[in-house]
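Reader: Could you take me through one part of this model up close? I'd like to hear about the enclosed space inside it, and then whatever helps place the parts around it.

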Amino acid sequence: MKFFDSLIAETENLILPFRMKELSLCEPWCDAGQTQVILRRDTAYELEGVGFNLVTSSDISDSVVVVGDDLEAIKDSRSFARICLVQIEDSGDEQKSYNLIKKIDYVKYHTFPDGYMMRSTSRSHKEAVRVSKQALKSGISFQKIGSLLIKNYKEIPSVKGVRVIFITADGADYNGTERIAERNHAITQTLNHIMNSVNFDCDTCNLKAICDEVEGMKELHFSKTDKESF
Ligand code: SF4
């Protein structure tokens with residue numbers, strides 16, 4: 001699974017010019033176990049931006065990277081991005097890898113860090129986070145949130161490594177993270193089409209631009225169609 005590798009390289013390049021902390025895993029932050037509502041009066045601030053996963057079979061070590069201020073240093077609402085680089089086992093079976101991408105995405109919607117309300121929809125890469133005053137008093141940090149996400153991702157046996165990158169730096173390239181999120185969404189949509197459709201007329205397909213650009217996409221669709229026609 002290498003379809004997202006160029007986006008992983010772009011992400012690493014995008015954060016390179018900034019001061020960043022690379023942290024190992026720690027005791028994960030508490031998971032409330034269900035959706036929580038943090039009222040405005042209990043909110044310290046909001047983070048708004050994008051949140052998404054980039055899946056690969058290349059090596060990724062477990063780590064949490066903070067580019068910019070950590071949660072306790074933030075005073076006001078600001079832009080942010082959360083990008084999880086997720087290494088999966090290379091089974092050589094595209095259907096299995098595709099199912100894993102779906103499963104990994106599902107984890108985010110079933111992680112409920114206490115006092116850290118993540119809002120997003122499965123059709124969008126936007127992510128908004130409300131951080132409660134109480135959670136800040138109790139010592140919440142990106143290292144603890146990242147460790148919780150990594151623990152939950154790794155409950156899927158085929159997930160081998162996860163690098164969670166949080167970006168809050170002033171002047172970070174948030175247009176760039178948005179662009180990467182959109183490309184990620186477009187490649188995932190193309191994979192959806194390939195795995196679920198028998199139509200392979202490239203000349204009339206509205207996903208042609210992605211298939212022309214991402215190595216292996218066309219081959220995947222044709223090999224799938226070949227298999228299904230027998
Ligand atoms: S291989 Fe052709 S038909 Fe299939 S998704 Fe790509 S452009 Fe469309």
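Author: Here is a walk through the cavity, followed by a helix and two residues.

A word on ground rules: this is a predicted model, so local features need pLDDT of at least 70 and side-chain atom pairs count only at pLDDT 80 or more, while totals for chains, interfaces and linings use all residues. Residues are numbered from 1 along each chain as its sequence is written, and side-chain values use heavy atoms, with hydrogens and water left out.

Now the cavity, meaning a set of points on a 1 Å grid over the protein atoms alone where a 1.4 Å probe fits but cannot get out. The structure holds one of 30 Å³ or more. The largest cavity has about 110 Å³ of space, a volume being the space filled by probe spheres set on the points, which are joined across faces, edges and corners. It is lined by 14 residues, and those closest to its centre are His193, Cys202, Cys205, Cys211 and His221; a lining residue has an atom within 4 Å of a point. Helices H5 (174–196), H6 (208–213) and H7 (217–228) each give two or more residues to that lining. Helices (H or I, at least four residues) and strands (E, at least two) are DSSP runs, numbered from the N terminus. By class, the lining has seven nonpolar, four polar and three charged residues. Here Ala, Val, Leu, Ile, Met, Phe, Trp, Tyr, Cys and Pro are nonpolar, Asp, Glu, Lys and Arg are charged, and the others, Gly among them, are polar.

Staying with helix H5, Glu178 sits in it. Beyond neighbours within four places in sequence, Glu178 is in contact (heavy atoms within 4.5 Å) with Val50, His125 and Lys126. Its C-alpha atom is 8.6 Å from that of Ala81, 97 residues apart along the chain.

Next, helix H4 (residues 142–153). Nine of its twelve residues are buried (under 20% relative accessible area, 1.4 Å probe, protein chains only), so H4 is largely enclosed by the rest of the structure. Among them are Phe142, Leu148 and Tyr153. The buried residues of H4 pack against strands S2 (43–56), S3 (63–67), S4, S5 (116–119) and S7 (159–167), and helix H2 (94–108).

Strand S4 (residues 78–88) also holds Gln87, which counts as buried because its relative accessibility is 12%. A polar atom of the Gln87 side chain lies 3.0 Å from the backbone nitrogen of Ile60. Leaving aside neighbours within four places in sequence, the contacts of Gln87 include Thr56, Asp59, Ser158 and Lys160.

How values were computed. 1 Å grid on protein atoms, 1.4 Å probe; cavity = no way out; pocket = protein on both sides within 12 Å on 5 of 7 lines; lining within 4 Å. Buried < 20%, exposed > 50% of the residue type's maximum accessible area, 1.4 Å probe, protein only. Polar contact = N/O pair within 3.5 Å; in protein donor to acceptor, adjacent residues only side chain to side chain.
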